[in-house]
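Hi everyone, thanks for making time for this. I'd like to walk you through one structure, a piece at a time, so please have the sequence and the 3D view open.

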Amino acid sequence: MEPKLKCALATKPLLWSTNGYTGPCGPKVTGGFVPKHGYGAEEWNNVDDRVWKGYRIFHTETSAKLNAFAEFAHLGLIMTAMHADIQYIVGVACGVSYNTEAEEKAIAKHLKLRSVGSEIWTLESVRTKYKSRADFDEKWGVGKHTIRWKCANDLYHWFDEPLALPKRPLRADKLVLAKMHGGYQAIRPEDGLKLLGNSLPMDHPIREWLIGNDFDEAFIKTEDRKRSKPLTPKERRDKYSAPAAMSPYEKYLRERIIRVDPAHGKLEQKFHAFLVSEGMTDLEKNSAGIDAAFTCPKRGRFIAELKPTKDGETRFAVRSAVGQILEYRHFLRPEAKPLIILGSAPTKDDLSFLRTLGIACGWLSDGRFDFVWL
């Protein structure tokens, strides 16, 4: 295998959550970590504020081969769960890397994971597994065992409604994908695109990651490799890309969005601090895919899509942000006004384009934010 040079994709089974992976729910499973401790380490995978330095923090079990690719942020995971004899895709992450011991300590402190232990201790399923609260606290520590992975925000997606898979989703002789909690199933990127179907927008960064990268065929089981030939990135692009995609736009997506880059997180932190300093209210961060939401006392309720940019590179950032912010407003927040926040000043053409769509724009300028409101 060549994990330093190529990527790998796997489906990864999780336990089924009864509360949408927003915290411990007392899952009932057999074997492994959960029966011993009364909770699962991945039960926080849909908590939007588990973000650190621009990275989304989440958890699954792992293996030596997965770690090999994660060392270089070359790992993709399609997370699945079984419920009532149906297998679902619950989330997907690409450009995944594992957290080092030093990063785990910093993340645990940032997310205040030690205090999460109090939440877990309220579960009967947990209290029955430990002799005392002190015994549990000793095992929980600071919760580092619940934060194995990180990836860029744009490369993480958790489905509000789990995506039900048909029987035999990839092979006629296999009823379901791997379902053992401690295992995984190595698949090709085209198989991942097939499983995800139309559940993500055609220009979503996750789709672009699966389409545009080189994948290590040695990661796939020999019997699966023999069944068919893999597609090249060009063949995947021809088959799975949006028909109207333009090469400069594809280049922008590959170089500015897909790359694991903390720039988005830095812009997010500065913008949130600005909102607080300006007295904005009802602040939300990373809610249902929306980067920021707030109420301006003088202008009303807004939702914002943030795009880190450099001088002279705003055109395609604006194009990408327009589709996202209008979709969020239409489906999630019809009462809110749309706003796009950039890391650098937009051009006059950008502002004119946004004005015709009824979208306000703001950008970072000398440590503060300038705006063109509508």
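Let's start with strand S1: six bridges join S1 to strand S4, residues 75-83, and these two strands run parallel. If you want a pair of residues to click on, Lys12 stands opposite Met79 in S4. Before I go further, please keep in mind that this is a predicted model.

S1 also has a partner in strand S8, residues 185-187, joined to S1 by three bridges, and here the strands run antiparallel. The bridge partner of Ala10 in S8 is Ala186. As a reminder for anyone who hasn't looked at sheets for a while, strands of a sheet pair through backbone hydrogen bonds, either parallel or antiparallel.

How many of the six residues of S1 are buried? Six of the six, so S1, which spans residues 8-13, is largely enclosed by the rest of the structure. Both faces are covered: Ala8, Ala10 and Lys12 are buried on one side, and Leu9, Thr11 and Pro13 are buried on the other. Buried here means under 20% relative accessible area, so the lysine in that list counts as buried too.

While we are in this part of the chain, let's talk about empty space. A search of the whole structure finds four cavities of 30 Å³ or more. The second largest cavity holds about 50 Å³ of space. Its lining includes Cys7, Ala8 and Leu9, along with Ile187, Arg188 and Pro189. Phe215, Asp216, Glu217, Phe219 and Ile220 line this cavity as well.

Just past S4, have a look at Asp85, which sits in the loop between S4 and strand S5, residues 86-98. Asp85 has a positive phi of about 70 degrees although it is not a glycine. Most residues other than glycine have a negative phi, and most peptide bonds are trans. Is Asp85 buried or exposed? At 57% relative accessibility, Asp85 counts as exposed.

Asp282 is another non-glycine residue with a positive phi, of about 55 degrees. Asp282 lies in strand S9, and that brings us to the next sheet.

This sheet is open and made of six strands in the order S9-S10-S11-S12-S13-S14, with mixed pairing. Which strands stand at its edges? They are S9, residues 281-287, and S14, residues 368-372; each has a single partner strand, so one side of each is left without a neighbour in the sheet. On average, neighbouring strands of this sheet are turned by 25 degrees against each other, direction ignored.

Now zoom in on S12, residues 337-342. Five of its six residues are buried, so S12 is largely enclosed by the rest of the structure. S12 pairs with S11, residues 300-307, in the parallel sense over six bridges, and Phe302 stands opposite Lys337 in S12. With S13, residues 360-365, S12 pairs in the parallel sense over four bridges. There, Ile341 stands opposite Gly362 in S13. To get from S12 to S13 the chain crosses through helix H14, residues 348-357, and this β-α-β crossover is right-handed.

Gly362 is a handy marker, since you can move on from there: Gly362 also stands opposite Phe371 in S14. S13 and S14 pair in the antiparallel sense over five bridges. H14 packs on the sheet, touching S12, S13 and S14, and its direction makes about 150 degrees with that of S13. Helix H12, residues 263-277, lies across S9, S10, S11, S12, S13 and S14, running at about 80 degrees to S14.

Next, the largest pocket, which has a volume of about 930 Å³. Of the 31 residues that line it, the closest to its centre are His157, His204, Ala288, Gly289 and Tyr328. The elements giving two or more residues to this lining are strand S7, residues 156-164, together with S11 and H13.

Let me finish in H13, residues 315-331, where you will find Arg319. Arg319 is partly exposed, with a relative accessible area of 31%. To link back to where we began, the C-alpha atoms of Arg319 and Met82 are 237 residues apart along the chain and separated by 38 Å.

That's my tour, and I'm happy to take questions.

Note on methods:
Residues numbered from 1 in each chain as written. Predicted model: local features only at pLDDT ≥ 70, side-chain atom pairs only at ≥ 80, totals over all residues. Heavy atoms only, no water. Buried < 20%, exposed > 50% of the residue type's maximum accessible area, 1.4 Å probe, protein only. Pairing = 2+ DSSP bridges. Right-handed = clockwise from strand over helix to strand, strands pointing away. Axes fitted to C-alpha atoms, helices over the stretch in contact; angles between N-to-C directions. Contact = heavy atoms within 4.5 Å. 1 Å grid on protein atoms, 1.4 Å probe; cavity = no way out; pocket = protein on both sides within 12 Å on 5 of 7 lines; lining within 4 Å. Points joined across faces, edges and corners; volume = space filled by probe spheres on them.
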